[in-house]
Amino acid sequence: YPAMGSHSFMLSECYFQTGLLHQKQGDLVKALAFFRQAIKELPRGCVPAKLHAARLLLMDADDSQKKEAESLLKSLLGLSTRDQTNGQQRSVRDVRAIESAKRRYALLCYHEDRLEEADSIVQALGYELRLASNVLKYSKERRSSMSISPAMSSVVCMVDDALPIRMLKQMITTFVGDSTNSISPTRFWKEHRYREIDGHYFSYAHTLQVQQDETKDEKQQQQQQSPP
């Protein structure tokens, strides 16, 4: 693995930064090309380039693009916060990219109905809850309909201060509470039965362990119903 400051590292970083510029400008085709070039220049490094390339590939992916994206994300799963080749601590940028890659790979597994593999990843990341399987797993047609084209991305924007301050304070008091609030903020969640299995918000109510048990039960039922 080339040391930081080496020719390979600097060239790979230049490709990566150029890719980021094209991505910011909305030219995703050129951005992906530069991310791929950064990876080619430094196959065992340039962690964020692999993450960014995988994200672009999955935006409107066919089977070959999905396989390439999965391969890129999977190459980051086994990486730790310390580089095994030289024993040095990885940069904050690389650590964040590795964590993001694990979350994105887990989401891909959920889409592909590989629930146990995905659950093990998110549990290792410290998560205790996830959405119900039928929320996370949806058809290819639905994923395609949600993709945003580069042309549409130019009209998407973020607006600050959209809510009046008075309304925002009321929402904070209701959902979070404050030192002057005489009513506990947990009252809202209790009244809406947020964590009850048969409540309105069932998708959020199950722990990952419960989800795993349900998955095993579903598979056992399918095996019993299927002909020998």
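Leaving aside its neighbours within four places in sequence, with which residues is Ser100 in contact? The legends below address this question and describe other close-up views of the predicted model.

**Figure 1. Ser100 and its contacts in helix α5 of the predicted model.** Ser100 belongs to helix α5, which covers residues 92-111. Once the neighbours within four places in sequence are set aside, Ser100 is in contact with Leu51 and Arg55. The relative accessibility of Ser100 is 16%. Because buried means under 20% relative accessible area, Ser100 counts as buried.

**Figure 2. The protein as a whole, for orientation among the close-up views.** The protein contains 12 helices and 0 strands, and its pattern along the sequence reads α-α-α-α-α-α-α-α-α-α-α-α. Of its 228 residues, 30% count as buried. The protein exposes about 15200 Å², and carbon and sulfur atoms supply 55% of that area. Among contacts in the protein with a separation of 6 or more, 55% are accounted for by residues 24 or more positions apart.

**Figure 3. The aromatic pair of Tyr15 and Phe34.** The structure holds 2 aromatic pairs. In the pair formed by Tyr15 and Phe34, the ring centres are 6.3 Å apart and the planes stand at 40°, so the pair is tilted. This pair links distant parts of the chain, with Tyr15 in helix α1 (residues 7-24) and Phe34 in helix α2 (residues 28-41), 19 residues apart. Tyr15 is partly exposed, its relative accessible area being 22%. Phe34 is likewise partly exposed, with a value of 26% for its relative accessible area.

**Figure 4. The aromatic pair of Phe16 and Phe35.** The centres of the rings of Phe16 and Phe35 lie 5.7 Å apart, and their planes are at 40°, so this pair is tilted. Here too distant parts of the chain are linked: Phe16 lies in helix α1 and Phe35 in helix α2, 19 residues apart. Both Phe16 and Phe35 are buried.

**Figure 5. Glu128 in the loop between α6 and α7.** Helix α6 (115-124) and helix α7 (133-136) are joined by the loop in which Glu128 is found. Glu128 has a relative accessible area of 62%. Because exposed means over 50% relative accessible area, Glu128 counts as exposed. The C-alpha atoms of Glu128 and Leu208 are separated by 5.7 Å, although these residues are 80 residues apart along the chain.

Key
Residues are numbered from 1 along each chain as its sequence is written. This is a predicted model: local features need pLDDT of at least 70, side-chain atom pairs count only at pLDDT 80 or more; totals for chains, interfaces and linings use all residues. Side-chain values use heavy atoms; hydrogens and water are left out. Helices (H or I, at least four residues) and strands (E, at least two) are DSSP runs, numbered from the N terminus. Buried means under 20% relative accessible area, exposed over 50%, partly exposed in between (1.4 Å probe, protein chains only). Contact means heavy atoms within 4.5 Å. Accessible areas come from the Shrake-Rupley method with a 1.4 Å probe; for residues, only the protein chains shown count as cover. Rings of Phe, Tyr and Trp (its six-membered ring) pair if their centres lie within 6.5 Å; planes under 30 degrees apart count as stacked, over 60 as edge-to-face and the rest as tilted.
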